[in-house]
Amino acid sequence: MSSLFPMFLKLDSRRCLVVGAGRIADGKAEGLLRAGADVTVIAPEANDSVRALAAAGRVTWHQREVQAGDTAGFFLVVAGTNVAAVNRAVVDEARAANILVNAVDDPPYCDFYYGSIVERGDLQIAISTAGESPALAQRLRKEIDAQLPANTGEWLAEVGKLRREVIEMEPAANDERKWILHQLAQRETCSKDDCPSRTMAREHAAEVTRK
Ligand SMILES: C[C@@]1(CC(=O)O)C2=NC(=C\c3[nH]c(c(CCC(=O)O)c3CC(=O)O)Cc3[nH]c(c(CC(=O)O)c3CCC(=O)O)/C=C3\N/C(=C\2)[C@@H](CCC(=O)O)[C@]3(C)CC(=O)O)/[C@H]1CCC(=O)O
Ligand SMILES: NC(=O)c1ccc[n+]([C@@H]2O[C@H](COP(=O)([O-])OP(=O)(O)OC[C@H]3O[C@@H](n4cnc5c(N)ncnc54)[C@H](O)[C@@H]3O)[C@@H](O)[C@H]2O)c1
């Protein structure tokens, strides 16, 4: 099999459908919600977590069995019921309309897999084993998570802010700007106003402005 194409998808306000509302489908729906998706759930029964999300207006829950035509108009569909034939019918319908699909526990019926994720703010490290061993993906996630400092997200936010400052001052993507951006992407860059990388970026900005 070819290797999977790794990508980070923007789901903000995209209409996504999750069929099923048990523990497994719930986890899949929450992953979509974290990315800002507009999530609809179809299932006759829902676990407490999906019920709470529906009550809070965070998902739209249609309390019934899935029917032909339900996938129309969605950007992405997750088939997460406990009935493989139902999941496959949902996938077949969605695929015919070029909608991205994932059927839980049924790799041939997935166009994409969920990854195992280490998260620190906007930083995400996604691990995939292409379905070879989800348990290994989980183990690696825990190992990386234990090694990555808790404040990496704040550090990234700071570096992002400084990068925007530098790009504003130096709109040309020249070697010098690239060098500075690499200097910023170091551990020493911090929120302190006198941190070395920040000072350097400011000095450079002042120099460019003087030119
Ligand atoms: C990453 C993660 C994300 C998530 O689920 O959101 C995820 N599975 C996770 C955990 C996990 N899943 C399973 C176990 C038990 C141990 C084991 O089987 O190894 C554990 C570990 C545990 O929880 O103990 C069982 C399992 N999973 C799949 C099958 C079907 C098959 O293999 O045929 C079976 C057998 C079912 C059975 O028959 O028993 C299939 C898929 N699971 C995937 C994703 C996709 C491939 C990911 C990849 O490997 O790259 C894929 C292909 C489709 C998909 O679901 O997208 C999440 C990590 C959470 C974390 O980080 O902690
Ligand atoms: N629970 C686990 O630990 C676990 C682990 C690995 C894999 N899985 C697999 O994941 C799948 C789902 O597991 P679960 O624990 O979330 O199941 P579950 O029984 O808790 O939930 C199933 C959900 O599917 C819905 N459903 C059933 N028929 C439907 C239909 N025709 N239309 C719409 N919705 C329908 C139910 O209403 C319910 O919300 C199963 O295939 C299971 O084998 C479960």
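The dialogue below goes through the assignments made for a predicted model and the reasons behind them.

Trainee: Why is the pair Arg88 and Asp106 called a salt bridge?

Mentor: The closest N and O atoms of Arg88 and Asp106 are 2.8 Å apart, and a salt bridge requires a side-chain nitrogen of Lys or Arg within 4 Å of a carboxyl oxygen of Asp or Glu, so the pair qualifies. Arg88 sits in helix H3 (residues 84-96) and Asp106 in the loop between E5 and E6, 18 residues apart, and the pair thereby links distant parts of the chain. A search of the whole structure finds 6 salt bridges.

Trainee: Why is Asp106 called buried, and why does Arg88 count as partly exposed?

Mentor: Buried means under 20% relative accessible area, and partly exposed lies between that and the 50% above which a residue is exposed. Asp106 has a relative accessible area of 11% and is therefore buried, whereas Arg88, at 34% relative accessibility, counts as partly exposed.

Trainee: What makes Arg120 and Asp145 a salt bridge, and where in the chain are the two partners?

Mentor: Their closest N and O atoms are 2.9 Å apart, which is set against the limit of 4 Å and therefore satisfies the definition. This pair, too, links distant parts of the chain, with Arg120 in strand E6 and Asp145 in helix H4, 25 residues apart. Arg120 has a relative accessible area of 11% and is therefore buried, while Asp145, at 35% relative accessibility, counts as partly exposed.

Trainee: How do you know that the side chains of Glu158 and Lys161 meet in a salt bridge, and what separates the two residues along the helix?

Mentor: The N to O distance for Glu158 and Lys161 is 3.8 Å, and because the criterion is within 4 Å, the pair is accepted. Glu158 and Lys161 are 3 residues apart in helix H5 (residues 152-169), which means that about one helical turn separates them. With a relative accessible area of 10%, Glu158 is buried, but Lys161 has 43% and is therefore partly exposed.

Trainee: Turning to the ligands, which residues come nearest to ligand 2, and what makes the approach of Ala21 a polar contact?

Mentor: Of the 18 residues around ligand 2, the nearest are Ala21, Arg23, Ile24, Glu45 and Asp105. A backbone N or O atom of Ala21 lies 2.9 Å from an oxygen atom of ligand 2, and since a polar contact is a pair of N or O atoms within 3.5 Å, this pair therefore counts. A polar backbone atom of Ile24 is likewise 2.9 Å from an oxygen atom of the ligand, and a backbone N or O atom of Val66 lies 3.0 Å from a nitrogen atom of ligand 2. Taken alone, ligand 2 exposes 820 Å², of which the protein buries 66%. The shell around ligand 2 has 9 nonpolar, 5 polar and 4 charged residues.

Trainee: How do you know that Ser128 makes a polar contact with ligand 1?

Mentor: An N or O atom in the side chain of Ser128 is 3.4 Å from an oxygen atom of ligand 1, and the limit is within 3.5 Å, so the contact is included. Gly131 offers a backbone N or O atom at 3.2 Å from an oxygen atom of ligand 1, and a polar side-chain atom of Arg141 lies 2.6 Å from an oxygen atom of this ligand. Ligand 1 taken alone exposes 1,100 Å², and the protein buries 62% of that. Among the 17 residues around ligand 1, Lys28, Ser116, Thr129, Gln138 and Arg141 come nearest.

Trainee: Why is Asp105 called exposed, and what is its phi?

Mentor: Exposed means over 50% relative accessible area, and Asp105 has 78%, so the residue is exposed. Asp105 lies in the loop between strand E5 (100-103) and strand E6 (116-120). Its phi is positive, at about 65 degrees, although Asp105 is not a glycine. Most residues other than glycine have a negative phi.

Trainee: Which other class applies to Ala130, and where is Ala130 found?

Mentor: At 29% relative accessibility, Ala130 counts as partly exposed. Ala130 is found in the loop between strand E7 (123-127) and helix H4 (134-147), and has a positive phi of about 55 degrees although it is not a glycine.

Notes: Residues numbered from 1 in each chain as written. Chains lettered and ligands numbered in written order. Predicted model: local features only at pLDDT ≥ 70, side-chain atom pairs only at ≥ 80, totals over all residues. Heavy atoms only, no water. Near = heavy atom within 4 Å. Polar contact = N/O pair within 3.5 Å; in protein donor to acceptor, adjacent residues only side chain to side chain. Areas by Shrake-Rupley, 256 points an atom, 1.4 Å probe, with all protein chains shown as cover. Nonpolar A, V, L, I, M, F, W, Y, C, P; charged D, E, K, R; others polar. Helix = DSSP H or I, 4+ residues; strand = E, 2+ residues; numbered from the N terminus. Buried < 20%, exposed > 50% of the residue type's maximum accessible area, 1.4 Å probe, protein only.
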